[in-house]
Amino acid sequence: MNKKCAAALSGGAVLVMALSGCSDDDSDNKVNDWAKSVCDQVQPQLKKISDANASIQKQTADNSKPADVQKTDSAAFQQISDAYKAMGAAVGKAGAPPVGDGEATQKAAVKELNESSAAYAGLKKQVDGLNTKDQAEFADGLKGIAEELSKISRSGDQALQKLQSGEVGTAMAKQPGCQKPGATNSVSPAAKP
């Protein structure tokens, strides 16, 4: 059952890791400076998300006891919640990107990152409330959490897609801080448990 959680959780991180983009066009120095200010703050958060995914996958691979799974998942959800919150703060602190409609794009991205943070904090609360003494009840609870994770990972990523499009996306793609860390994680939201 925890494999579903790991798969859905991994999918949620894909939204943010997509910031790496894939364009080679030159951008204005102001846009590049803006992208660098955001990406330098994003990199440690992407690593936290990757590490949280790895901890859940390791716990899944170990066929661990419910209490151990609960402890790992709870810590991972908190770590991911904190990472999304920090990314929202980084985008907010950087100000609007110096492009047309930059302020609206920035506000939408910050809102979505903060909503993702809140959603993962909610999942932490849910997993903390699961009964680890009853294996079947715990498995049912994890199933519900996996469904929530799936919704979170599928939820609208339009703000982030807009943030990473055009000149801003090109500039972000060039920044090492916005490139996906060397994660061993290859689980996608479509992966079967």
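In this predicted model, the largest nonpolar core of the protein chain brings together 35 residues, and Phe-77, Tyr-120 and Met-172 are the members that touch the most other members. Five helices, α2 (29-61), α3, α4 (102-128), α5 (135-154) and α7 (166-174), each supply at least two residues of this core. Among these contributors, α2 gives the most, with 10 residues. Such a grouping will look familiar at the bench: in soluble globular proteins, nonpolar side chains tend to be buried together.

The setting for this core is a chain with 7 helices and 0 strands. Read from the N terminus on, the order of elements is simply α-α-α-α-α-α-α. Of the 193 residues in the protein chain, 44% are buried. The surface that the chain exposes comes to about 9600 Å², and carbon and sulfur atoms supply 49% of that area. Contacts also reach across the sequence: when pairs of residues at least 6 apart in sequence are considered, 85% of the contacts join residues at least 24 apart.

Helix α2 offers a good place to look at such pairings one by one. Ile-49 is found in this helix, and its relative accessibility of 1% is why it counts as buried, the limit being under 20%. Its C-alpha atom lies 9.1 Å from that of Phe-77, although the two residues are 28 apart in sequence. Phe-77 is, as noted above, one of the three core residues that touch the most other members. Lys-30 is found in α2 as well, but its surroundings are another matter. With a relative accessible area of 61%, Lys-30 is exposed, because the mark for that class is over 50%. The C-alpha atoms of Lys-30 and Ala-171 are separated by 9.6 Å, with their positions 141 residues apart along the chain.

Helix α3 (residues 66-94) holds Thr-72, a residue that counts as buried at 16% relative accessibility. Apart from neighbours within four places in sequence, Thr-72 is in contact with Ser-55, Ile-56 and Gln-59. Helix α2 spans residues 29-61, so the three partners of Thr-72 can be looked up there by number. Gln-78 also has its place in α3. Here the relative accessible area is 29%, which makes Gln-78 partly exposed. In space, Gln-78 and Lys-124 are 6.2 Å apart from C-alpha to C-alpha, while in sequence they are 46 residues apart.

The relation between α3 and α4 can be described further. Two packed helices are described by the angle between their axes and the distance between the axes. For α3 and α4, the axes come within 8 Å and cross at roughly 165°. Angles over 145 degrees fall in the antiparallel class, and α3 and α4 are therefore roughly antiparallel to each other. Their crossing is left-handed. In the loop between these two helices sits Asp-101, whose backbone deserves a glance. Although Asp-101 is not a glycine, it has a positive phi of about 65°. At 44% relative accessibility, Asp-101 counts as partly exposed.

Towards the other end of the chain, Gln-175 is found in the segment after α7. Is this residue buried or exposed? Gln-175 is buried, with a relative accessible area of 11%. When residues up to four places away in sequence are not counted, Gln-175 touches Asn-32, Ala-35, Lys-36 and Cys-39.

Technical notes: Residues numbered from 1 in each chain as written. Predicted model: local features only at pLDDT ≥ 70, side-chain atom pairs only at ≥ 80, totals over all residues. Heavy atoms only, no water. Helix = DSSP H or I, 4+ residues; strand = E, 2+ residues; numbered from the N terminus. Buried < 20%, exposed > 50% of the residue type's maximum accessible area, 1.4 Å probe, protein only. Contact = heavy atoms within 4.5 Å. Areas by Shrake-Rupley, 256 points an atom, 1.4 Å probe, with all protein chains shown as cover. Core = buried A, V, L, I, M, F, W, Y, C linked by side-chain atoms within 4.5 Å. Axes fitted to C-alpha atoms, helices over the stretch in contact; angles between N-to-C directions. Parallel < 35°, antiparallel > 145°, perpendicular 65-115°, else oblique. Left-handed = near helix turned anticlockwise from the far one by under 90°.
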